[in-house]
Protein chains: 2
Amino acid sequence: MKHYPNAMERLTEQFAKLPGIGAKTAQRLAFFILGRSEEDAMAFAQAIIDAKKTVKTCPVCQNLTDAELCPLCADQQRDRGVICVVAEPKDVLAMERAREYNGVYHVLHGVISPLNHMGPNDIRVRELLGRIQQGGVREVIMATNPDTEGEATAMYISRLLKPMEVKVTRLAYGIPAGSQLEYADEITLLRALEGRREL
Amino acid sequence: MKHYPNAMERLTEQFAKLPGIGAKTAQRLAFFILGRSEEDAMAFAQAIIDAKKTVKTCPVCQNLTDAELCPLCADQQRDRGVICVVAEPKDVLAMERAREYNGVYHVLHGVISPLNHMGPNDIRVRELLGRIQQGGVREVIMATNPDTEGEATAMYISRLLKPMEVKVTRLAYGIPAGSQLEYADEITLLRALEGRREL
């Protein structure tokens with residue numbers, strides 16, 4: 001016996017394609033699947049099939065949805081005049097947890113990152129421009145992460161939007177609530193000072 | 001929107017059941033699957049189904065196989081009088097790489113480990129006893145790992161085999177080939193001394 005049964009090798013290869021899963025871990029996961037009940041293994045396979053078949057991106061905001069429009073774009077109570085631009089679907093969930101924002105979203109599905117071969121055409125910028133060209137948008141809030149790539153993406157998009165006569169804003173920088181000043185890094189403190197407001 | 005589409009949540013849950021995969025990683029993997037082509041995702045699901053359906057354990061040696069008997073048990077050239085007992089299928093591959101052993105194997109699928117709630121009935125000991133009771137076995141080589149649990153398992157099985165009039169041996173301990181003495185631990189050196197042979 002030079003190797004494991006073919007079907008087992010193929011499953012290991014599939015696991016090894018997942019991000020952050022190396023050859024050894026892939027083999028361990030394949031063994032784990034073989035050790036589970038037939039019912040459990042089938043449920044896993046079915047979950048992959050179902051997710052891939054039913055989850056699409058919303059044609060308006062590009063967020064994940066299993067309906068025609070995502071729940072937020074379908075909600076008539078949300079203000080369509082304000083678009084919050086985020087990098088990933090998980091950022092929509094984070095914003096919604098704040099229970100403060102009542103506009104709609106636009107999910108870019110990535111940020112511009114030359115190191116990862118992600119250019120402006122690899123994220124959903126074109127769809128955002130299309131939405132704004134249709135009119136009715138008063139403000140675009142750039143809510144990409146405050147890191148190098150998130151900043152660059154926000155800058156890039158804000159420049160594209162300049163000629164379109166729409167107000168472009170950026171989430172405020174500052175010290176996070178509940179944190180302690182002594183642990184804040186210099187740049188965060190610098191920005192918290194720059195953005196200070198009168199009480 | 002309070003959460004992701006249902007099918008996506010279910011896929012995340014499935015990934016989170018895998019060993020060593022936490023909630024955050026599970027979500028990342030689910031996103032990765034959604035980002036792949038439909039063809040790729042289906043190939044993954046099919047690999048799980050195929051592996052679970054075609055890979056069984058060999059009724060004789062308990063190793064993984066997709067045939068009636070595993071290739072080693074089916075091979076008439078192998079000496080059925082010698083059984084090498086290993087903990088996992090990967091250990092069979094390791095032994096075979098040495099190209100020295102010509103007997104057959106017995107895969108326990110685990111070791112006795114009270115901490116992990118693995119008792120003698122949770123590994124394939126009964127099947128090993130059954131093979132030896134059928135007769136024709138001259139020697140059983142205990143090739144579990146030289147760690148606490150592997151040792152305990154080897155000791156436990158060797159005691160069970162005592163009354164069966166079969167020779168029970170253990171792989172030799174010693175310094176690994178290609179290693180350097182200065183890095184060998186005390187126990188390894190002690191055992192290498194104990195097991196020294198005349199040249």
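In this predicted model, the two copies meet through the same surface, because 100% of the interface residues of chain B are also interface residues in chain A. In numbers, 52 residues of chain B touch 52 residues of chain A. The symmetry fits with that picture: a turn of 180° plus a shift of 0.1 Å along the axis lays chain B on chain A with an RMSD of 0.1 Å. The two copies are thus related as by a two-fold rotation axis. Within chain B, the residue that comes closest to this axis is Ala45(B), whose C-alpha sits 2.2 Å away.

What does the contact itself look like? Together, chain B and chain A bury about 4,800 Å², and carbon and sulfur atoms account for 74% of that area. Salt bridges between chain B and chain A number zero, while six residue pairs are in polar contact, both partners being at pLDDT 80 or more. On the chain B side, two or more residues each come from helix 1 (6-16), helix 2 (23-35), helix 3 (38-54), strand 2 (64-65), helix 4 (71-74) and helix 5 (89-97). Helix 3 of chain B gives the most, with 15 residues. Sorted by class, the side of chain B that touches chain A holds 31 nonpolar, eight polar and 13 charged residues.

As for the layout of a single chain, chain A splits into domain 1 (6-54) and domain 2, which is made up of 64-172 + 180-193. Taken over C-alpha atoms, the centres of domain 1 and domain 2 of chain A lie 34 Å apart.

Definitions and conventions:
Residues are numbered from 1 along each chain as its sequence is written. Chains are lettered from A and ligands numbered from 1 in the order in which they are written. This is a predicted model: local features need pLDDT of at least 70, side-chain atom pairs count only at pLDDT 80 or more; totals for chains, interfaces and linings use all residues. Side-chain values use heavy atoms; hydrogens and water are left out. Contact means heavy atoms within 4.5 Å. Buried area is the accessible area (1.4 Å probe) that two parts lose on being put together, summed over both. A salt bridge is a side-chain nitrogen of Lys or Arg within 4 Å of a carboxyl oxygen of Asp or Glu. A polar contact is a pair of N or O atoms within 3.5 Å; within protein, one must be able to donate a hydrogen and the other to accept it, and residues adjacent in sequence count only if both atoms are side-chain atoms. Helices (H or I, at least four residues) and strands (E, at least two) are DSSP runs, numbered from the N terminus. Ala, Val, Leu, Ile, Met, Phe, Trp, Tyr, Cys and Pro count as nonpolar, Asp, Glu, Lys and Arg as charged, and the others, Gly among them, as polar. Domain bounds come from an automatic or database domain assignment. Copies are superposed by least squares on the C-alpha atoms of residues with pLDDT of at least 70 in both.
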